[in-house]
Amino acid sequence: MKKCDRCQNREATIVLSDVKQEHLCNLCFNEMVSDEIGVRLEPMPEELEATDYLGTRRIFKVRPQLYPNGIFLEAIEDIAYGYEFAVHGELVCNQTKLVERLIDKVKRGVSTRFIKVGEFPNGQKYQSILDDEVVGRIDYDEMSPSSPMVVIDGKPYTWEQLGKMVKSFEGFQVQMKFFDKTADVE
Ligand SMILES: [Zn+2]
């Protein structure tokens, strides 16, 4: 873990390379931008929780980021390859409402299920696409850097696993469209 150059305490997650390179934690980055643009981030919850499609409690860390072009709020689940949600607001937006938008997005996101697990008569498990739609997030697959990992229903699927599920749609058309993390995919 690389420590922040300013507070020497928290983990550096942002690298600035203006004049000289500087590694900053999220908090110090926000403070720096805040001083530059004169907008303050209001206190907001550090964690959120939501109940998913199976009734399982999911815990999210809230990460606010202040940029000269707006406020970016992320809810990142506290497990590897879990759910992640994000919203974006103007600098002058109502920050309480922005947090509410994030909470709504998390709740909606975890309540919808796209993949079901079935079982063959011999007990072997298989996954299939529930309806005719999948929404997920493209992530990096450490085990197989040449193909992406897709996180669906808060679980990671390799490109090959997704391919197996897609096989049942042979003969269908497919539309692949990619959305920014803050977009609302309905
Ligand atoms: Zn720091």
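Here are some questions and answers about this predicted model.

User: Happy to start broad: how many helices and strands does the protein chain have?
Analyst: Glad to help. From the N terminus on, the elements run β-β-α-β-β-β-β-α-β-β-β-β-β-α. Buried residues make up 35% of the 186 residues in this chain. The secondary structure comes to three helices and eleven strands.

User: What does the protein chain span along its principal axes?
Analyst: For the contacts with a separation of 6 or more, 39% come from residues 24 or more positions apart. Along the principal axes, the C-alpha trace spans about 60 × 35 × 30 Å.

User: Now to the metal. Which geometry does the site of the zinc ion have?
Analyst: The protein donors are the SG atoms of C4, C7, C25 and C28, lying 2.3 Å from the zinc ion. Their residues are spaced C-x2-C-x17-C-x2-C in sequence. Four donors need all angles between 85 and 135 degrees to pass the test. The angles here are 102 to 114°, so the site is tetrahedral.

User: Which parts of the chain does the pair C4 and C28 tie together?
Analyst: Both C4 and C28 are among the protein donors of the zinc ion. The two lie 24 residues apart in sequence, so the pair ties together the segment before β1, where C4 lies, and helix α1.

User: Is C28 buried or exposed?
Analyst: The cut-off for buried is under 20% relative accessible area. C4, another zinc donor, is at 0% and counts as buried. C28 has 8% relative accessibility, so C28 counts as buried.

User: How far apart are the end C-alpha atoms of helix α1?
Analyst: Helix α1 covers residues 26-37, which is twelve residues. At 1.5 Å a residue the expected span is 16 Å, and the model agrees, with the end C-alpha atoms 16 Å apart.

User: Which strands do the buried residues of α1 pack against?
Analyst: The buried residues of α1 are N26, C28, F29, N30, M32, V33 and S34. After α1 comes G38, with a positive phi near 75°. As for the packing, the buried residues of α1 sit against β1 (14-17), β2 (21-24) and β4 (57-67).

User: Which strands are the edge strands of the open sheet of four strands?
Analyst: The order of this sheet is β3-β4-β5-β6, with antiparallel pairing. Inside it, β4 and β5 (residues 70-77) pair over eight bridges, and R63 has E74 in β5 as its bridge partner. An edge strand pairs on one side only, and here the edge strands are β3 (47-51) and β6 (84-89).

User: What angle does the direction of helix α2 make with that of β6?
Analyst: Neighbouring strands of this four-strand sheet are turned by 25° against each other on average, direction ignored. Helix α2 (residues 95-111) packs on the sheet, touching β3, β4, β5 and β6. The direction of α2 makes an angle with that of β6 of about 150°.

User: And the open sheet of three strands: what angle does helix α3 make with β11?
Analyst: That sheet has the order β9-β10-β11 with antiparallel pairing, and its edge strands are β9 (137-139) and β11 (155-158). Its neighbouring strands are turned by 35° against each other on average, direction ignored. Helix α3 (residues 159-166) packs on the sheet, touching β10 and β11, and its direction makes an angle with that of β11 of about 80°.

User: Last one: what is the bridge partner of D139 in β10?
Analyst: β9 and β10 (residues 149-152) pair in the antiparallel sense over three bridges. In β10, the partner of D139 is M149.

Definitions and conventions: Residues are numbered from 1 along each chain as its sequence is written. This is a predicted model: local features need pLDDT of at least 70, side-chain atom pairs count only at pLDDT 80 or more; totals for chains, interfaces and linings use all residues. Side-chain values use heavy atoms; hydrogens and water are left out. Two strands pair if DSSP finds at least two bridges between them. Axes are lines fitted to C-alpha atoms, for helices over the stretch in contact, and angles run from 0 to 180 degrees between N-to-C directions. Contact means heavy atoms within 4.5 Å. The expected span of a helix is 1.5 Å times one less than its number of residues. Buried means under 20% relative accessible area, exposed over 50%, partly exposed in between (1.4 Å probe, protein chains only). Donors are N, O and S atoms within 2.8 Å of the metal (3.2 Å for Na, K and Ca); water is not among the atoms, so sites may look incomplete. Four donors count as tetrahedral if all angles lie between 85 and 135 degrees; four count as square planar and six as octahedral if opposite donors are over 155 degrees apart and all others between 65 and 115; anything else is irregular.
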